[in-house]
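I am opening the notebook to look up a few residues, one at a time, and to write down where each sits and what surrounds it.

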Amino acid sequence: MHAQTAIALVLALASTTLTNVAYLREHDAAAALPALSLRRPLHAAEALLRDRSWLAGFALESGGFALYVAALALAPLTLVQSITAGGIGILAFASARVSRRRLGRRELTGVLFSTVGLLALAVSLAGGSGEGSGGATFGIVLWLAATAAAAVVALGLGRRFSSLAVAEGLAGGLFFSIGDISVKVATQGGARAAFAIGVIVGYSLGTGFLQLGYQKGGALTVAGLATLLTNALPIAAGTVVLGEPVPSGVFGGIRIVAFATVTLGAILLARPDSGHAG
């Protein structure tokens, strides 16, 4: 493994630790505030920014984001996202510790899958990983537009089936994935620096929907769903539209199994046991 890649992985792990602890703090702060609404964005932003507890959580998240950007500048998107995907295990343990409860069987299984997936990923790194071709701008824009459309559909279905906490968690994750992909593209420099617009829009809407979801559901459910999509979609985008290669042979198989295992762990953690919503 190259020293540059090793540094990126350390940065990614530190990033996901800060970010998931931040999610928990933001959840507790947002849940205690009067009802927020995107129809009154300035009022909602003012309420959040005046809350010191929420600001502390947001500061942690911002620190995690800075480390994430640094990691992306050093390694492929798929590799960085694979490490951050395991952060949902950190969220699960932090949630249980703060609420002073034991993790349910489903949650423990989710943590186990996430951990095993990360170990498998570490093994697959021996096969190397390339930066890829960078992808075609049209394909990248189309992917981002389709992701935004999926968020709108999720919100519509959430209102129809009275599952707004789930829908807002999904929408938050979808928009965060837009921000993550845009960060990687923007750091390529040149004309692609314009994708900074996607960074701003993606993270702003992602943060907004996450706070709305926090007021209606548990941190592990809402942030767990968001984390799942935030990590799974950029990994897929790295291969589909950014041309990042998967290692060949045995290491390629291990990498695929690692992605699938971490994703399964995230799904299990996003659907905690009955009575353990967190």
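I began with G173, which I found in helix α8, a helix that covers residues 164-186. The model I am reading is a predicted one, so I keep to what was computed from its atoms. I then asked whether G173 is buried or exposed. Its relative accessibility came out at 0%, and because buried means under 20%, G173 counts as buried. Looking for its neighbours, and leaving aside residues up to four places away in sequence, I noted that G173 touches A226, L229 and T230. I also checked G173 against P41, which is 132 residues away along the chain, and the C-alpha atoms of the two are separated by 19 Å.

Next I turned to S15, which lies in helix α1, residues 3-31. S15 has 3% relative accessibility and therefore counts as buried. Which residues does S15 touch, not counting those up to four places away in sequence? I listed G64, L67 and Y68. With one of these, G64, I could add an atomic detail, since the side chain of S15 reaches the backbone oxygen of G64 at 2.6 Å.

My last entry concerns G218, which I placed in the loop between α9 (196-214) and α10 (219-240). This loop residue, G218, has a relative accessibility of 14%, so I entered G218 as buried. I finally looked at G218 together with A31: the two are 187 residues apart in sequence, while their C-alpha atoms are 9.1 Å apart in space.

How values were computed
Residues numbered from 1 in each chain as written. Predicted model: local features only at pLDDT ≥ 70, side-chain atom pairs only at ≥ 80, totals over all residues. Heavy atoms only, no water. Helix = DSSP H or I, 4+ residues; strand = E, 2+ residues; numbered from the N terminus. Buried < 20%, exposed > 50% of the residue type's maximum accessible area, 1.4 Å probe, protein only. Polar contact = N/O pair within 3.5 Å; in protein donor to acceptor, adjacent residues only side chain to side chain. Contact = heavy atoms within 4.5 Å.
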